[in-house]
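Please open the model in your viewer and keep the selection panel at hand. The stops below are arranged so that each selection leads on to the next.

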Amino acid sequence: MNDSASKQSCCGRPALEQDVKPSPGAKYFCPMCPGVESEKPGDCPKCGMALERNPLVAQDGEDEEIRDLTRKFWIAAALTLPVFVLAMGHMIPGVHFRTDITKWIEFILTVPVVFWAGGMFFTKAWVSLKTWNLNMFTLIATGVGAAFLYSAVAVLAPGVFPESFKEHGEVGLYFEAAAVITVLVLLGQLLEARARSRTGQAIEALMGLAAKTAHRIRDGKEQDVPVDEIEKGDLLRVRPGEKIPLDGTITEGGSHIDESMLTGEPMPVGKKEGDEVIGATVNQTGSFVMRAEKIGGDTLLSQIVHMVAEAQRSRAPIQKLADTVAGWFVPIVIGVAIVTFILWSIFGPAPALAFALVNAVSVLIIACPCALGLATPMSIMVGVGRAAQIGILVKNAGAIEITEKVTHLVTDKTGTLTAGKPRVTDTKSDPGTDPGKLLQLAASVEASSEHPLARAIVDEAQEAGHDLLSVTGFQSTTAGGVTGTVDGQAVRVGKSGFLSENGIAIPEDLEKEAAALQGNAKTVVWVAVGNEVAGILAIADPIKESSAAAIRALHGLGLKVIMCTGDNRLTAEAVARELGIDEVHAEVVPQDKIDIVRKLRAGGAVVAMAGDGINDAPALAEADVGIAMGTGTDVAIESAGITLVKGDLMGISKAIHLSRAVMRNIRQNLFFAFIYNAVGVPIAAGVLYPFFGLLLSPMIAGAAMSFSSVSVILNALRLKKTRI
């Protein structure tokens, strides 16, 4: 393993930064350990972490791991409820539930909870001990095991305990602690498994974009066949409104192709004989014949699928702060418990062994990781709920944890900074022509055109309330413009050269205005009525109203904003100047975007990627945290860790504020969880006994443990009132 290309995993082992590819048939694999594969879900025999699903292998039905955890959680919860009720009944004045029978009932009900439902925790803890990668499961198994063992001994052999540790002649039991901890941790594992199962949905959504059938032409006959049967060189007919089946070249006909899902460009692209077309893009109104040149894994869509899969697999599991502390905390607690047992056995009063056992168990019980297990999930659950209230959907806890550390935001332009829909932005008419009339005439003629700019003009006229006029003699000139007769006058709409070719002079004043508009990356359409220019229309993809304020807010948070778009450089630079964006990368392809993100990360930056198109999906998956616009494609949303429901970039600054609040809350929770241990463990070990004769009984240790859990829960609930 190359240490320079590694990260630290949650199980304490270095996580590969490069791709760990499972074999084609493997359904599950370990992203940490190359070569570890399985046909069934389970744990890695090397590092102990749960095996991940292979997103490139189809999975039927619900994940088996999720079904197993769900079953264990509900059965364990049902068994734990009566244990909890029997244990807590004594807290009600005048009520005493515990009898010799109820003790055995608690014991019998707790056994399957701890050893069947929670058996996996002991297995993982054993792996962590064998590899000396101590983690949360080491704490869970130690705490649950100590609470259960202590209680089991109290039921089976209560005589080993001295009278000083009995209340009303009875030894305290902690079956409810062992059972409740097991159920809570099972719930956390279930939620985590459901989150992991969604990582493959981006791949599934990408695969779903591909066409399923194609119209193949052989020996002059056209036949519908599955795309998998298409061979390189086959001729395929593509009809209006259909998806292009594979990558290839047009051999006959032409059309406009909507490539926005792959390129990010909002305007369909004109294609003619000899031009390349891309599979999964959508044909508009024309019909053409193409030659298939790339099939199977060679198509652009397949390459994007593999890029997203690679980015998802290369991201190491999140290093939980609790695990980092647990790496030191667990051996210290175990060491203190052992030393406590030895010292009390040697120097303790009679019965020394009983004192030694009880005090050692008290140390383990007060170190029970109930609060530690709640510290992160409670804050995350409340934080995710708070995020949903302000239009931010969080895919997993990792996205919240990383977002607070973001230093660079890489953002797409189309649909993210801009509206993603071309519109008429400027109308400049000749002094003798009413601007509304100019728009009406142009829209009336363009209504018969297939060109995407024509659609923008027609939409603008209709939104302005103009009725389309009757047009006769419509003609379209390729790469020039359109002509039609309205109320007996010829109306021409198109490029300035198109008008000049028809003997129409271009006024100098309008030509200067057109040049200024083009300098702002707007497309200029000329309109002539009769033999004179009536005016010009400028068309562009407008910037969202919230984008400028959002960029200022991000700068205020200390982020560097980088635009990375497939759009042309003039448009990108104009948008960047207007918004104050720090850096621009234009005319890029999906691979370029992912390379830019990788380069930034290699330089030490924590990168957030914001986008809404298929072309953004690989970079969204590769970034430390992907942020998708809710108005974008399903694939972009599935590839991202955070989705902004309203598609408003201002949501990113809100997400960062929320992330910082949640992570601050988690650190506070971890402090609450450990402060009781820091104070209670020495007392439980008996450091005060030589001076004051005080011992911390297991009952008090359990109370301290419960109080720390309550503190964690109440603190997490404060996030509901966080102002963003």
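**A salt bridge to begin with**

Select R423 first: in this predicted model, R423 has a relative accessible area of 26% and is therefore partly exposed. Now add E460, whose side chain meets that of R423 in a salt bridge with an N to O distance of 3.2 Å. This pair links distant parts of the chain, since E460 belongs to helix α14 (residues 452-463) and R423 to strand β19, 37 residues apart. The structure holds 18 salt bridges, and further ones come up at the next stop.

**The open sheet and its charged pairs**

Display the six strands that form an open sheet in the order β9-β8-β10-β16-β11-β14, with antiparallel pairing. The edges are β9 and β14 (276-277), each of which pairs on one side only. At one edge, strand β8 (residues 213-218) pairs with strand β9 (residues 221-226) in the antiparallel sense over six bridges, and A214 has V225 in β9 as its bridge partner. Two residues lie between these strands in their hairpin, where D219 takes a positive phi near 55 degrees. At the other edge, strand β11 (residues 247-253) runs antiparallel to β14 and is joined to β14 by two bridges; look there for T249, which stands opposite E276.

Next, select R218 and D234, whose side chains meet in a salt bridge at 3.3 Å, N to O. Because R218 lies in strand β8 and D234 in the loop between β9 and β10 (235-238), the pair ties together parts that are 16 residues apart in sequence. Are the two partners buried or exposed to some degree? R218 counts as partly exposed, at 37% relative accessibility, whereas D234, at 9%, counts as buried.

A second pair to select is R237 with E222, where the closest N and O atoms are 2.8 Å apart. R237 is in strand β10 and E222 in strand β9, so this salt bridge ties together parts 15 residues apart in sequence. R237 counts as partly exposed at 27% relative accessibility, and E222 is also partly exposed, with a relative accessible area of 35%.

**A second hairpin**

Move on to strand β21 (residues 481-486) and strand β22 (residues 489-494), which run antiparallel and are joined by six bridges; V482 stands opposite V493 in β22. The two strands form a hairpin with two residues between them, and D487 in the turn has a positive phi of about 50 degrees. From β22, four bridges lead to strand β23 (residues 523-529), again antiparallel, with G494 opposite W526.

**A nonpolar surface patch**

Switch to a surface view and select V160, I338, V339, F341, I342, L343, I346, F347 and L357, which form a nonpolar patch with about 810 Å² of accessible area together. Helix α9 (residues 321-347) contributes the largest share, seven residues. F347, which has its place in this helix, counts as exposed because its relative accessibility is 67%.

**A long-range contact and a kinked helix**

Select P431, in the loop between β19 (423-429) and α13 (435-446), and then G535: the two are 104 residues apart in sequence, yet their C-alpha atoms are 8.9 Å apart.

For the last stop, show helix α22 (residues 650-685), whose end C-alpha atoms are 53 Å apart, which agrees with the 52 Å that its 36 residues should span at 1.5 Å a residue. Along α22, a kink of about 30 degrees lies at V679, shortly before the proline P682, and just after the helix G686 takes a positive phi of about 100 degrees.

Technical notes: Residues numbered from 1 in each chain as written. Predicted model: local features only at pLDDT ≥ 70, side-chain atom pairs only at ≥ 80, totals over all residues. Heavy atoms only, no water. Patch = residues over 30% accessible without salt bridge, like charges linked within 9 Å, V, L, I, M, F, W, Y side chains within 5 Å. Areas by Shrake-Rupley, 256 points an atom, 1.4 Å probe, with all protein chains shown as cover. Salt bridge = Lys/Arg side-chain N within 4 Å of Asp/Glu carboxyl O. Buried < 20%, exposed > 50% of the residue type's maximum accessible area, 1.4 Å probe, protein only. Pairing = 2+ DSSP bridges. Expected span 1.5 Å × (residues − 1). Bend = angle between axes of the 7 residues up to and from the residue.
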